[in-house]
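Biologist: Hello! Could you teach me how to read a protein structure, one feature at a time?
Modeller: Gladly. Let's open it and begin.

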Amino acid sequence: MKETPIKSSIVSQKIDESGLKSVGKSSIREIKKLIDEIEDASGQKFIRMEMGIPGLPPAQAGVEGQIEALQRGVAAIYPDIMGIRPLKKEISNFVKLFMGIDVSPEGCIPTVGSMQGSFASFLLLSRLFNDRDTTLFIDPGFPVHKTQHEVLNLNYESFDVYKFRGAKLRGKLESYFKTGKIHSVLYSNPNNPSWICFTEEELQTIGELATQYNVVIMEDLAYFGMDFRQDYSKPGAPPYQPSVANYTDNYILFISSSKAFSYAGERIGMMVISDNLFNGQYENLNKFYTTDQFGYSMVFGTIYPLSSGTSHSAQYGLLNMLKAANKGTFNFVEYVKEYGEKARLMKKIFTDNGFRIVYDTDINQDIADGFYFTFSYPGFDADELLNKLIYYGISAISLLITGSERREGIRACTSLIQFDQMKDLEERLQQFAEDNPLT
Ligand SMILES: Cc1ncc(COP(=O)(O)O)c(C=O)c1O
C-alpha cells in the first residue's frame, strides 16, 4: 500500500497527543484544533470540511454601515436592549419581502448571533407552562443547541426525521405532543447537517399541530434563502423562503446573518417573534418575571440580563445590509450561490469514488446542493471513516454528534474548500478508494 497523502506517523502521533478518545465523537472545535496541529506538523493542507464558517468576505454594505456608525461614536453608547428602532423596522420589512409574512417591528429583536436568540428562547419557553418541561428537536441538528440545554439544565427529546418525512411526520410529532410535556420544537431549515428542506406539506403539518397543541415552533433559518433549487432572492416577489409561519402564529424565527451575509464574526442575528406569541400572556411567567407577557419577559427579563442587547455598531451594519437587500440592490442569495456549485462538484467526486450521500432526498426530489452534505463509505461507521480520512488529508465531522441515527454518516461543509482544491480532493478520494476497495 502506498503511503497515505498525509504521513501516517504524523497523523497517528497527533491523534495520540490530542487525548481525544474518539475522533468521531469529538466536537467541531476539537477536530479543528487537531487538524490545525497536523497541518502544522506535516506542512500539508487539508481539505477542511469540519467547520461551518463562511468562506466568503463579509457583505460590504454591512462593513460600511458599521464603520460609519463607529465613526459617529455609537461605541460609547448602550444600545436599546430590544434593538435600535430603524433595525427593528427593517427586519420586519425583510421578513415581509422575503418570506411574505407580517410581524410587527416590536417582535423583531437583534441578538448576539442566532445563538443568543436560541439560548434566550430556551430559557423563556421552559418557563411558559407549569406542567411542560421538554423541548423537542427535529434532528439531525446543530449540536450547540443541545449544549445550551445542558448548560441551562433543561430537558429535551429528539428524533431523526429521516424515516418520518412527508405524511409520516404527523403521527411522529403527535406522539410527542400527546405526552403533554412538550412546550416547544426546534429544527433548522435548510437543515444543518443534512441539508434536507421541509416541503410545504411538512411545514403545514408542523404548523397545524403547533396550533392544535399550543406548542411554540422555533424555526432556525441560519441558511436563509439557500435552497438554491428555488430563487428566493427577489424582494416582494414569490417564491418566498418557506416557513412554518404560514401555518401557525405560534412561532419564533432565528435568522442568522453569519452565513447569508457572511457576517459570523460580528455575532449578530435576528430573533423574530410572531405578534401572537409576543403579545401572549402565560400565567406561569408571573413566577419568574414581573409580568405574564411573553415579549416583555423576553426583552426585559431575558435579553437584558444576558447581554443588555447587541453590539451597537453591528446593529447598524445589519441595518445597512437589510436596507440594501430589501431595496433589491444587494442580492445576498446570489452572493452565496457558490456554496451550491461547490457541493455539486464535491458530491460528484465523492460518489464517483464509491461514497454515498446519506440524506439524499427531500421525499421525491434530490437533495439540494448547498452549504452541507452528508456522506458515507460502505463498510465503515462514521467514527472509523472520519479517522481514516484524516490520513488522506480530509477533515469533517461525524453525524453521531447531531442526533442522527445514521451511524455511518459524515457531514461535509462546502464553505472552505477552494475550487482549485477539487483536484486534490479527487486524487485523495481516488487513493482512498484504491486502498479500501469495495467488495
Ligand atoms: C443551524 C444553525 N443554527 C445556528 C447557528 C449559529 O448562528 P449564529 O452564528 O448566528 O449564532 C448555526 C451556525 O453554524 C447553525 O448552523
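Modeller: Let's start with a pair of strands: β3 and β4 run in the parallel sense and are joined over 6 bridges. One thing to keep in mind is that this is a predicted model.

Biologist: Which residue is the bridge partner of L136 in β4?
Modeller: A bridge links one residue to a partner on the other strand, and for L136 that partner in β4 is E157. Strand β3 (residues 134-139) also pairs with β5 (residues 182-188), again in the parallel sense, over 4 bridges. There, T135 has S184 of β5 as its bridge partner.

Biologist: Is β3 mostly covered or mostly open?
Modeller: Mostly covered, as 5 of its 6 residues are buried.

Biologist: What is the order of the strands in the open sheet of 7 strands?
Modeller: To read a sheet, walk across it from strand to strand. Here the walk goes β2-β8-β7-β6-β5-β3-β4, with mixed pairing. The edges are β2 (108-111) and β4 (155-160), each of which pairs on one side only. On average, neighbouring strands in this sheet are turned by 20 degrees against each other, direction ignored. Helix α4 (residues 85-99) packs on the sheet, where it touches β2 and β8 (269-273), and its direction makes about 110 degrees with that of β2.

Biologist: Which strands stand at the edges of the open sheet with the order β9-β12-β15-β14?
Modeller: This sheet of 4 strands has antiparallel pairing. Its edges are β9 (356-357) and β14 (397-398); each has a single partner strand, so one side of each is left without a neighbour in the sheet. β14 pairs with β15 (residues 410-413) in the antiparallel sense over 2 bridges, and I397 has R411 in β15 as its bridge partner.

Biologist: How do I read a helix such as α8? What does α8 reach from its first C-alpha to its last?
Modeller: Compare its span with the expected one. Helix α8 (residues 200-213) has 14 residues and reaches 20 Å, close to the 20 Å expected at 1.5 Å a residue. Its buried residues are E202, L203, T205, I206, G207, L209 and A210. Among what covers them are α7 (168-177) and β6 (216-220). Just after the helix, N214 takes a positive phi of about 55 degrees.

Biologist: W195 and I363 have a positive phi too; which of them is buried and which is exposed?
Modeller: Count the neighbours. W195, with a positive phi of about 65 degrees although it is not a glycine, sits in the loop between β5 and α8. It is buried because 26 other C-beta atoms lie within 10 Å. I363 has a positive phi of about 60 degrees, and it is not a glycine either. Its place is the loop between β10 (361-362) and β11 (365-366), and I363 is exposed because the count there is 12 other C-beta atoms within 10 Å.

Biologist: Where is the place of P190, and where is that of P239?
Modeller: Look at the peptide bond before each one. From N189 to P190 the bond is cis, with omega near -5 degrees, and P190 lies in the loop between β5 and α8. The bond from P238 to P239 is also cis, with omega near 0 degrees; P239 belongs to the loop between β6 and β7 (251-256).

Biologist: Last one: which residues come nearest to the ligand?
Modeller: Of the 13 residues around the ligand, these are G113, S114, M115, S256 and S258. Helix α5 (residues 113-125) gives the most to this shell, with 3 residues. By kind, the shell divides into 4 nonpolar, 8 polar and 1 charged.

Terms used:
Residues numbered from 1 in each chain as written. Predicted model: local features only at pLDDT ≥ 70, side-chain atom pairs only at ≥ 80, totals over all residues. Near = placed C-beta within 6 Å. Nonpolar A, V, L, I, M, F, W, Y, C, P; charged D, E, K, R; others polar. Pairing = 2+ DSSP bridges. Axes fitted to C-alpha atoms, helices over the stretch in contact; angles between N-to-C directions. Contact = placed C-beta atoms within 7 Å. Expected span 1.5 Å × (residues − 1). Buried ≥ 20, exposed ≤ 12 C-beta atoms within 10 Å, placed from the backbone.
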